[in-house]
Amino acid sequence: MPLPSQTPEWLIEHGIGEKRALLIENGDILAAKIQWPGELTAGQQTFAKLTSKPAGKRRGVATLDNGTQVLVDHLPAQANEGATIAIRISRAPITERGRLKLAQARCLAVGNRMVDQEMNAGTTQLADPFTISDAVRSFEGGDWEEVWHAASSGNIAFAGGEILCAVTPGMTVIDIDGTAPPRELALAAVPVIAKALRWFDLGGNIGIDFPSLEAKSDRRAVDEALAKALDDWPHERTAMNGFGFVQIVARLEGPSLLHRFATSRTGMCARYAMRVAERAEGIGPALLLTVHPALKAKLKPEWLSELSARKGCEVRIETNPALALEAPSAQILSQ
């Protein structure tokens with residue numbers, strides 16, 4: 001008798017230097033997210049000082065206590081420069097090559113007071129899995145590794161081909177490559193694309209470059225398959241054009257896993273090294289973590305102190321230039 005279906009559930013792993021979230025259903029990974037300490041997050045409410053507001057406009061720039069600037073919309077007429085305003089973050093800041101896209105927020109009220117339920121009426125509270133989900137000591141098996149390495153490479157293979165994902169300043173681009181006939185290749189790529197969108201926490205403008213399909217019936221078949229695969233994923237999209245291109249627009253709440261690897265690969269790999277070290281098995285007086293030399297400077301003293309406390313032993317760091325950034329190793333030393 002088959003086991004009853006389980007409701008999808010977000011699980012949270014409180015790592016060193018980051019929190020990790022996986023949406024699991026019947027043992028399958030549906031989606032993933034990462035949060036780093038101190039980051040602004042979508043849905044977060046805070047206070048800021050309105051530092052710039054062009055005359056007659058409802059959009060301006062506010063500054064948080066730590067100096068972070070935020071683009072704010074829905075400013076009321078009585079909000080003047082210098083005023084304290086309550087805001088809700090709608091999109092976290094996103095680092096791109098050569099620039100920083102400021103966080104975006106909505107003004108909830110003018111003045112230094114808490115936002116009450118009446119002020120929240122009519123606004124959408126963004127669901128944050130890091131505050132509403134169950135924490136686990138560690139994800140099972142290689143679940144996190146599977147998602148992490150897929151995001152690191154930007155590739156996910158499937159029978160007869162693979163998808164290749166890359167971020168650009170304008171959009172995230174997904175390319176399909178393989179040896180199967182174009183229609184078969186495009187249809188086989190659809191479920192893998194749907195997986196990548198959720199695994200990599202993608203949003204904003206997304207372009208999918210399918211193989212060119214001359215027949216309208218073939219293009220329609222891919223459109224229908226894509227609609228079915230993304231039925232429960234909020235978005236808008238175009239129909240496939242004659243060159244095989246489909247554009248998707250989805251809510252963008254912060255940097256995707258792909259953005260993080262593109263702009264802070266050593267930071268991602270340093271946190272992954274902490275996870276590898278924390279999962280080292282055995283009992284002994286010391287733990288040896290071996291990393292690429294570029295990672296050593298990224299291992300913050302407070303991370304190493306926390307690792308030592310969690311493992312109950314001394315932590316030693318060695319470097320090996322032959323190691324890839326993505327391939328740290330750790331072992332418990334017996335003496």
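## Salt bridges across the chain

Let's start with a pair of side chains: Glu39 and Arg260 meet in a salt bridge, at 2.8 Å from N to O. Glu39 sits in the loop between E3 and strand E4 (45-52), while Arg260 belongs to helix H6 (residues 257-263), so this pair ties together parts that are 221 residues apart in sequence. The two partners see the surroundings differently: Arg260 is buried, at 5% relative accessible area, whereas Glu39 is partly exposed, at 27%. Bear in mind as you look around that this is a predicted model.

By the rule used here, the count comes to 14 salt bridges. Another of them joins Lys33 to Asp201, with the closest N and O atoms 3.0 Å apart. Lys33 is part of strand E3 (residues 28-35) and Asp201 is in the loop between H4 and strand E15 (204-209), so here too parts of the chain are tied together, this time 168 residues apart in sequence. Why does Lys33 count as buried while Asp201 does not? The cut-off for buried is under 20% relative accessible area; Lys33 comes in at 18%, so it counts as buried, and Asp201, at 22%, is partly exposed.

## A charged network

Some of the charged residues are joined up further. Glu13, Glu18, Arg20, Glu145, Arg275 and Arg279 are linked in a network of salt bridges. One pair to pick out is Glu145 with Arg279, whose side chains meet at 3.9 Å, N to O. This pair links distant parts of the chain, with Glu145 in helix H3 (residues 143-153) and Arg279 in the loop between helix H7 (265-278) and strand E18 (286-291), 134 residues apart. Arg279 is partly exposed, with a relative accessible area of 34%.

## Strand E1 and its partners

Glu13 from that network also has a place in the strand pairing, so have a look at E1. Strand E1 (residues 9-14) runs antiparallel to strand E2 (residues 19-25), and six bridges join them. Within that pairing, Glu9 has Ile24 of E2 as its bridge partner. E1 and E2 form a hairpin with four residues between the strands, and there Gly17 takes a positive phi near 90 degrees.

E1 also pairs with strand E11 (residues 134-136), in this case parallel and through three bridges. This is where Glu13 comes in, with Val136 of E11 as its bridge partner.

## The barrel

Now for the barrel. Five strands close it in the order E4-E5-E6-E10-E7, with mixed pairing. On average, neighbouring strands of this sheet are turned by 55 degrees against each other, direction ignored. E4 pairs with strand E7 (residues 84-91) in the antiparallel sense over five bridges. In that pairing, Lys49 stands opposite Thr84 of E7.

## The nonpolar cores

In soluble globular proteins, nonpolar side chains tend to be buried together. Here the largest nonpolar core has 66 residues, and those touching the most other members are Ile163, Ile176, Ile193, Leu197, Phe200, Ile208 and Phe210. Helix H4 (residues 182-199) gives the most to this core, with 10 residues. Apart from it lies another core, of 15 residues, including Ala48, Leu50, Ala105 and Cys107.

Two members of the largest core are worth a click. Ile193, found in helix H4, is buried, with a relative accessible area of 0%. Not counting residues up to four places away in sequence, Ile193 touches Ile163, Ile174, Ile176, Ile208 and Phe210. Its C-alpha is separated by 9.6 Å from that of Leu164, 29 residues away along the chain. Then there's Phe200: leaving aside neighbours within four places in sequence, Phe200 is in contact with Val147, Ala150, Ala151, Ile156, Cys165, Ser256, Leu257 and Leu258.

## Helix H5

Which residues of H5 are buried? They are Asp218, Arg219, Ala221, Val222, Asp223 and Leu226. What covers them includes H4, E15, strand E16 (236-237) and strand E17 (245-250). As for the helix itself, H5 (residues 216-229) has 14 residues and reaches 20 Å from its first C-alpha to its last, close to the 20 Å expected at 1.5 Å a residue.

Note on methods. Residues numbered from 1 in each chain as written. Predicted model: local features only at pLDDT ≥ 70, side-chain atom pairs only at ≥ 80, totals over all residues. Heavy atoms only, no water. Core = buried A, V, L, I, M, F, W, Y, C linked by side-chain atoms within 4.5 Å. Buried < 20%, exposed > 50% of the residue type's maximum accessible area, 1.4 Å probe, protein only. Helix = DSSP H or I, 4+ residues; strand = E, 2+ residues; numbered from the N terminus. Contact = heavy atoms within 4.5 Å. Pairing = 2+ DSSP bridges. Salt bridge = Lys/Arg side-chain N within 4 Å of Asp/Glu carboxyl O. Axes fitted to C-alpha atoms, helices over the stretch in contact; angles between N-to-C directions. Expected span 1.5 Å × (residues − 1).
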